[in-house]
Amino acid sequence: AEDLVQLQSRQETMEKEVFLTLQRSALDWLRDELRRRKADQRVQSFDDLLTNLDTALQGPLRETLIESVREQYGAALIDEFQDTDPVQYRIFESLFMGDPPLPLFLVGDPKQAIYGFRGADIFAYLEAREDVDRHFTLQHNWRSDPRLIEAVNRLFGINGHRQPFVFDQIPFQPALAPEKERKALVDDCGGDEPCHIWHIPGDDSGNKPKPQSKTAVGPQLTRAVCAEISRLIRGGGENRVTLGDAPLKPGDIAVLVSSN
C-alpha cells in the first residue's frame with residue numbers, strides 16, 4: 001500500500017510537470033506565431049511600438065537611431081512619469097541620458113506608481129529618481145479644499161513618521177493650499193469637516209475579536225456609501241446641504257474605487 005501511495009504521488013508530480021511543459025510550449029508557440037502573423041500583415045500594437053524600439057536601441061544600429069531621434073527632438077518632457085514601466089524608461093534613458101545628455105524633464109507622483117496603474121512600476125520610478133541630478137517639488141495643491149489639505153498633511157505627518165509610503169525614497173511632502181476662493185460645503189446634519197475616517201467594527205463572534213474579512217466588509221461599505229450619498233442628495237434637495245450658494249447636486253459627488 002505504501003509503494004502504491006508513493007507511485008501515485010510520483011505520477012501526479014509527473015502529470016503536473018507535463019502539463020506545465022505543454023503550457024510553456026503553447027505560450028512560446030503563440031508568442032512566435034503572433035509575431036510572425038503581425039509581420040505578415042504589417043501591423044503593430046501600442047506595445048509593439050515600445051518593444052520594437054527598445055529592441056532596435058539594443059541592436060547594431062543603436063547609435064544611428066539615437067542620433068536620428070536626437071536630431072528631431074532636442075529635449076523631452078514626460079508627464080505622468082509615475083506610469084512608466086522599465087521598457088519605457090530604458091528607451092528614455094538611451095535617447096536622452098547619453099553623452100552628451102539632452103534636457104529631460106520627468107514629471108510624476110511616486111505615490112501613484114505604488115498602485116501600478118497602466119503598468120506603472122515603482123522601481124522604474126525609483127531608478128529614474130536616482131539617475132537624475134536635480135529634484136523639484138510642486139508645493140501647492142490647486143484642486144483641494146484648504147482644510148482637506150491640512151487634514152491630509154496631519155494624517156501622513158503624524159508623529160513625524162518617516163516612511164508613510166514604505167520606501168525612504170518616497171517621502172511625504174506636505175502640500176500648501178493656494179489663496180483661492182473655494183465653494184464651502186455646508187452640511188447641517190453630517191458635519192462639514194473636510195475629512196472623515198469611517199471605522200468598520202471588528203468580528204467578535206469568536207473567542208478572540210479580529211478584523212472582518214474583505215469579503216464581509218465589501219457589501220457593508222457599499223451600503224454605507226450609498227446611504228451617505230442618498231443622505232447628501234436628499235439634504236441638497238431640501239437645501240440643507242449646499243456647495244457654495246447652491247444646493248448639493250449628484251454631479252458634485254465622485255466615488256473613487258480600485259476597479260470599475
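This short talk walks through several local features of the structure shown above.

Good morning, colleagues. Please keep in mind throughout that we are looking at a predicted model.

I begin with helix α1, which spans residues 2-41. Leu27 lies in this helix, and together with Trp29 and Leu30 it forms a nonpolar patch on the surface. The accessible area of Leu27, Trp29 and Leu30 together is about 340 Å².

A little further along, Arg36 forms a salt bridge with Glu33. Their closest N and O atoms are 2.6 Å apart. Arg36 and Glu33 are three residues apart in helix α1, so about one helical turn separates them. Over the whole model, the count comes to 16 salt bridges.

Next, the second largest pocket. Its volume is about 280 Å³. Which elements give two or more residues to its lining? They are α1 and α2, the latter covering residues 46-57. Helix α1 gives the most, with five residues. Among the lining residues are Arg31, Leu34, Arg35 and Lys38, and the list also includes Asp48, Thr51, Asn52 and Thr55. By character, the lining divides into five charged, four polar and three nonpolar residues.

I turn now to the strands. There is an open sheet of three strands, ordered β3-β4-β5, and the pairing is antiparallel. The edges are taken by β3, residues 185-187, and β5, residues 246-247; each has a single partner strand, so one side of each is left without a neighbour in the sheet. Strand β4 comprises residues 241-243, and its antiparallel pairing with β3 runs over three bridges. One contact to look for on the screen is Asp187, whose bridge partner in β4 is Val241.

Finally, two points of backbone geometry. As background, most residues other than glycine have a negative phi, and most peptide bonds are trans. Where does Glu80 sit? Glu80 is in the loop between β1, residues 76-78, and α4. Its phi is near 50°, a positive value in a residue other than glycine. The second point concerns the peptide bond from Asp99 to Pro100, which is cis, with omega near 0°. Pro100 is placed in the loop between α4, residues 86-96, and β2, residues 104-106.

To close, I would return to two items. Helix α1 carries the salt-bridged pair Arg36 and Glu33, and α1 also gives the most residues to the lining of the second largest pocket. Thank you; I welcome your comments.

Technical notes:
Residues numbered from 1 in each chain as written. Predicted model: local features only at pLDDT ≥ 70, side-chain atom pairs only at ≥ 80, totals over all residues. Heavy atoms only, no water. 1 Å grid on protein atoms, 1.4 Å probe; cavity = no way out; pocket = protein on both sides within 12 Å on 5 of 7 lines; lining within 4 Å. Points joined across faces, edges and corners; volume = space filled by probe spheres on them. Helix = DSSP H or I, 4+ residues; strand = E, 2+ residues; numbered from the N terminus. Nonpolar A, V, L, I, M, F, W, Y, C, P; charged D, E, K, R; others polar. Patch = residues over 30% accessible without salt bridge, like charges linked within 9 Å, V, L, I, M, F, W, Y side chains within 5 Å. Areas by Shrake-Rupley, 256 points an atom, 1.4 Å probe, with all protein chains shown as cover. Salt bridge = Lys/Arg side-chain N within 4 Å of Asp/Glu carboxyl O. Pairing = 2+ DSSP bridges.
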